[in-house]
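Colleague: Got a minute to walk me through this one? I have a few questions about the rings, a helix and a loop.

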Amino acid sequence: MYTSSNVSVNEKGHLVFAGMDTVELAKEYGTPLYVMDEERIRERCRIYKKAMDEHFGNGSIPLFASKALSLKRIYEIMTEEGMGIDIVSSGEMHTAKKAGFDLSKAYFHGNNKTDFDIKYGIENNIGYFVCDNADELRAISLIAGEHRITQKILLRITPGIDPHTLEAINTGKVDSKFGAAIETGQADSLTALALSLDNIELCGFHCHIGSQIFEYEPFVDAATIMLSFIADMKAKYSFEAKELNLGGGMGVKYTDSDPEICYSSNLNGIATLIKKKCNDLGINMPKILMEPGRSIVADAGITLYTVGGVKEIPGFRNYVSIDGGMPDNPRYALYQSTYEAVIANKANLTPDYKCTLAGRCCESGDLIGEGMMLTKPVRGDIAAVFVTGAYNYSMASNYNRIPRPAMVMINKNGSYLALRRESFEDLCKNDI
Ligand SMILES: *Cc1c(COP(=O)(O)O)cnc(C)c1O
């Protein structure tokens with residue numbers, strides 16, 4: 001079974017997550033159910049916060065990447081932990097605002113901010129836009145002018161490195177819909193344009209090299225390229241970047257075959273080499289920002305399902321069907337992401353039944369995993385899938401008109417509802 005300090009088995013043989021019996025949780029709140037460990041989320045925020053304070057100081061903070069998990073409760077936690085946030089839409093901004101998050105600590109990303117997004121950001125005193133391209137830069141300048149303000153921005157740069165990860169989620173290479181590449185000279189021209197436009201204050205640069213990166217070297221490579229670029233821009237335009245945002249992407253242990261990651265030593269490694277590089281280049285160390293998403297919330301979450309049919313096809317495989325699937329977790333369908341699962345009410349028994357965990361949608365690709373090892377379940381058993389805290393709820397859909405699950409959070413005082421289960425009325429509320 002997946003091992004983590006917030007996972008255990010009790011005397012009834014039930015899976016315990018963050019100190020609570022998951023079979024009881026399923027009974028109390030129903031399934032499918034997202035379950036989040038609030039203490040784990042806070043712990044991770046503190047690791048990033050502490051490392052960045054200690055090594056970089058100078059106002060350097062981690063920004064939680066909202067796209068991994070966006071709901072009001074997460075922004076309340078981020079406020080309490082002193083985190084900044086990265087957002088990619090007005091919808092995420094609106095959710096953060098509703099939760100009382102201070103939007104001056106928000107960075108607005110994405111390769112296509114609409115005029116509405118830019119206005120909405122400016123009217124809500126957003127801290128920064130991370131500007132992706134020349135068209136957007138001109139639009140921000142224009143709209144900031146109409147509002148008689150000077151808008152802080154960073155420019156998104158593609159440093160052109162491959163952090164040896166999945167192609168589909170690798171966004172740092174030259175051929176990317178995101179940002180301007182250094183290699184092609186476009187990063188240089190975008191900088192020149194930003195410096196020439198009114199109502200814009202260029203504060204520095206951003207890069208995001210990809211996701212599920214286990215080592216710290218790719219981040220150091222990216223930082224090295226970015227710092228050299230900063231030195232070039234200083235030499236060429238006498239522009240000294242005050243901020244360098246290194247993006248997100250620190251890996252997460254999704255299954256027991258993934259390595260255990262020590263986030264604080266990774267951050268120490270990155271910090272040491274950044275300081276040395278700044279020294280070598282003769283530039284002041286900029287304010288450093290990082291944007292962890294999955295490494296804050298992924299292993300703080302599990303999903304509970306109720307098993308329906310168990311079907312054996314002789315000579316082929318066994319299917320275990322559950323009452324959720326791609327509408328609440330599309331990651332296997334999208335990227336063949338691997339997950340581990342357990343039968344929560346039989347967590348003390350040997351997992352000797354090889355099977356495919358299948359969702360309930362009318363779609364053959366609606367699977368949570370293939371070749372998974374479970375204890376053979378029967379209809380009514382509870383299946384738990386581990387490490388579903390990131391990119392599950394935030395990617396959830398109503399495909400097949402299936403209501404989104406509820407989300408329960410666990411803290412020292414017990415469990416509480418952070419999201420109520422969608423109702424059939426919710427499904428029809430926009431139908432005319
Ligand atoms: C996706 C993304 C992140 C977060 O990535 P994780 O792998 O979840 O840490 C951060 N910044 C940007 C710009 C992103 O696109």
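Colleague: Which residues form one aromatic cluster?

Modeller: Bear in mind that this is a predicted model. A search of the whole structure turns up 10 aromatic pairs. One of them joins F205 and F229, with 5.0 Å centre to centre, and F205 also pairs with F239, at 6.1 Å centre to centre. Put together, the one cluster is F205, F229 and F239.

Colleague: F205 and F229 form an aromatic pair, but is it stacked or edge-to-face?

Modeller: A pair of rings is described by the distance of the centres and the angle of the planes. Planes over 60 degrees apart count as edge-to-face. For F205 and F229 the angle is 70°, so by that cut-off the pair is edge-to-face.

Colleague: And how many residues apart are F205 and F239?

Modeller: Their rings are edge-to-face too, with 85° between the planes. F205 belongs to strand β11, while F239 is in the loop between α8 and β12. The pair links distant parts of the chain, and the separation is 34 residues.

Colleague: Is F239 buried or exposed?

Modeller: Buried means under 20% relative accessible area. F239 comes out at 9% relative accessibility, so F239 counts as buried. F205, at 0%, counts as buried as well, and F229 is likewise buried. For F239, then, the word is buried.

Colleague: Switching to helix α2, how far apart are its end C-alpha atoms?

Modeller: The helix has 18 residues, 38-55. At 1.5 Å a residue it should span 26 Å, and the model agrees, because the end C-alpha atoms are 26 Å apart.

Colleague: At the start of α2, which backbone nitrogen does a side-chain oxygen of D37 reach?

Modeller: The D37 oxygen comes to within 3.1 Å of its partner. That is inside the 3.5 Å cut-off for a polar contact. The backbone nitrogen in question belongs to E39.

Colleague: What about the other side of α2, which residue just after it takes a positive phi?

Modeller: The phi there is about 55°. The residue with that value, just after α2, is G57.

Colleague: Last one: N329 has a side chain that reaches which backbone nitrogen?

Modeller: N329 sits in the loop between β15 and α11, and it is buried, with a relative accessible area of 1%. Leaving aside neighbours within four places in sequence, N329 is in contact with Y305, Y339, I368, T388 and N392. At 3.1 Å, its side chain reaches the backbone nitrogen of R331.

Methods: Residues numbered from 1 in each chain as written. Predicted model: local features only at pLDDT ≥ 70, side-chain atom pairs only at ≥ 80, totals over all residues. Heavy atoms only, no water. Helix = DSSP H or I, 4+ residues; strand = E, 2+ residues; numbered from the N terminus. Expected span 1.5 Å × (residues − 1). Polar contact = N/O pair within 3.5 Å; in protein donor to acceptor, adjacent residues only side chain to side chain. Phe/Tyr/Trp six-rings, centres within 6.5 Å; stacked < 30°, edge-to-face > 60°. Buried < 20%, exposed > 50% of the residue type's maximum accessible area, 1.4 Å probe, protein only. Contact = heavy atoms within 4.5 Å.
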